[in-house]
Amino acid sequence: MTLETVGVMVVEHCAIRVTTEDTMALRSFGKDPETNGDHCPTVWLDDDKGEFVFQGWKADDALQAQCLATGPIPDSEAVVRLPVRMAQQIREALDAAERAAVR
C-alpha cells in the first residue's frame, strides 16, 4: 500500500489480489469520504480486465423505472448510485485507466 500526496489531499492506493479461477488485480481508489468506512460506495479499477468496479447504493424502484425507459437491465447487471462527492475517486480511476491504456 502506498500513500501519495495529490495537492493537499492524501490519496491511498492499494493493490488487492484476489485468487479465484480468474486472478483479478484490483486497485482501490477510495470510499465515499462522508461515510464511516463501513457499508459505503467504493471505486476500484480492475487492471487485468480493463474495467471499473463500483460498489454503490442499490437503485430504488423509481430509479430502476427511469433507467428502464432507455432499455432493459439484464439479470447480469445492476443500477447503483454513487454520490457526486466521489468525483475525485472516480476521476483518479479514470486517469489511471487511461495511463494504463497508453502503455
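Mentor: A residue is called buried under 20% relative accessible area, exposed over 50%, and partly exposed in between (1.4 Å probe, protein chains only). Take E34, which is exposed with a relative accessible area of 60%. This is a predicted model, in which local features need pLDDT of at least 70 and side-chain atom pairs count only at pLDDT 80 or more, while totals for chains, interfaces and linings use all residues. Residues are numbered from 1 along each chain as its sequence is written, and side-chain values use heavy atoms, with hydrogens and water left out.

Trainee: What share of the residues of the protein counts as buried?

Mentor: The protein has 103 residues, and 24% of them count as buried. Its exposed surface comes to about 7,600 Å², an accessible area from the Shrake-Rupley method with a 1.4 Å probe, where for residues only the protein chains shown count as cover. Carbon and sulfur atoms supply 53% of that surface.

Trainee: How many helices and strands does the protein have?

Mentor: Helices (H or I, at least four residues) and strands (E, at least two) are DSSP runs, numbered from the N terminus. Here there are two helices and seven strands. Their order from the N terminus is β-β-β-β-β-β-α-β-α.

Trainee: What portion of the contacts with a separation of 6 or more comes from residues 24 or more positions apart?

Mentor: A contact means heavy atoms within 4.5 Å. In this protein, residues 24 or more positions apart account for 37% of the contacts with a separation of 6 or more. Q89 serves as a worked case. This residue sits in helix α2, which covers residues 87-102. Leaving out residues up to four places away in sequence, Q89 touches F29, G30, K31, P33 and V43.

Trainee: Is Q89 buried or exposed?

Mentor: Q89 counts as buried, at 10% relative accessibility.

Trainee: How many salt bridges does the structure hold?

Mentor: A salt bridge is a side-chain nitrogen of Lys or Arg within 4 Å of a carboxyl oxygen of Asp or Glu. The structure holds three. One joins D47 and R27, whose closest N and O atoms are 2.8 Å apart. D47 lies in the loop between β4 (42-46) and β5, and R27 in strand β3 (residues 24-31), so the pair ties together parts that are 20 residues apart in sequence. D47 is partly exposed at 32%, and R27 is also partly exposed, at 23%.

Trainee: Which residues are linked in a network of salt bridges?

Mentor: D32, E34 and R85 are linked in this way. Between D32 and R85, the closest N and O atoms are 2.6 Å apart. D32 lies in the loop between β3 and β4, and R85 in the loop between β7 (80-81) and α2, so this pair ties together parts that are 53 residues apart in sequence. Between R85 and E34, the closest N and O atoms are 3.7 Å apart. That pair also links distant parts of the chain, 51 residues apart.

Trainee: Is D32 buried or exposed?

Mentor: D32 counts as buried, at 2% relative accessibility. Its partner R85 is partly exposed at 37%, and E34 is exposed at 60%.

Trainee: How many aromatic pairs does a search of the whole structure find?

Mentor: Rings of Phe, Tyr and Trp (its six-membered ring) pair if their centres lie within 6.5 Å; planes under 30 degrees apart count as stacked, over 60 as edge-to-face and the rest as tilted. The search finds one pair. F52 and F54 form it, with 6.3 Å centre to centre and 25 degrees between the planes, and the pair is stacked. F54 belongs to strand β5 (residues 51-55). Both rings sit on partly exposed residues: F52 has 35% relative accessibility, and F54 has 34%.

Trainee: Which residues form a nonpolar patch on the surface?

Mentor: Patches are made of residues with over 30% relative accessible area and no salt bridge; like charges are joined within 9 Å, and nonpolar side chains (Val, Leu, Ile, Met, Phe, Trp, Tyr) within 5 Å. F52, F54, V80 and L94 form the nonpolar patch, with about 310 Å² of accessible area together.

Trainee: How many disulfides does the count come to?

Mentor: A disulfide is a pair of cysteine sulfur atoms within 2.5 Å. By this rule the count is zero. As for two cysteines, C40 is buried at 3% relative accessible area, whereas C67 is partly exposed at 25%.
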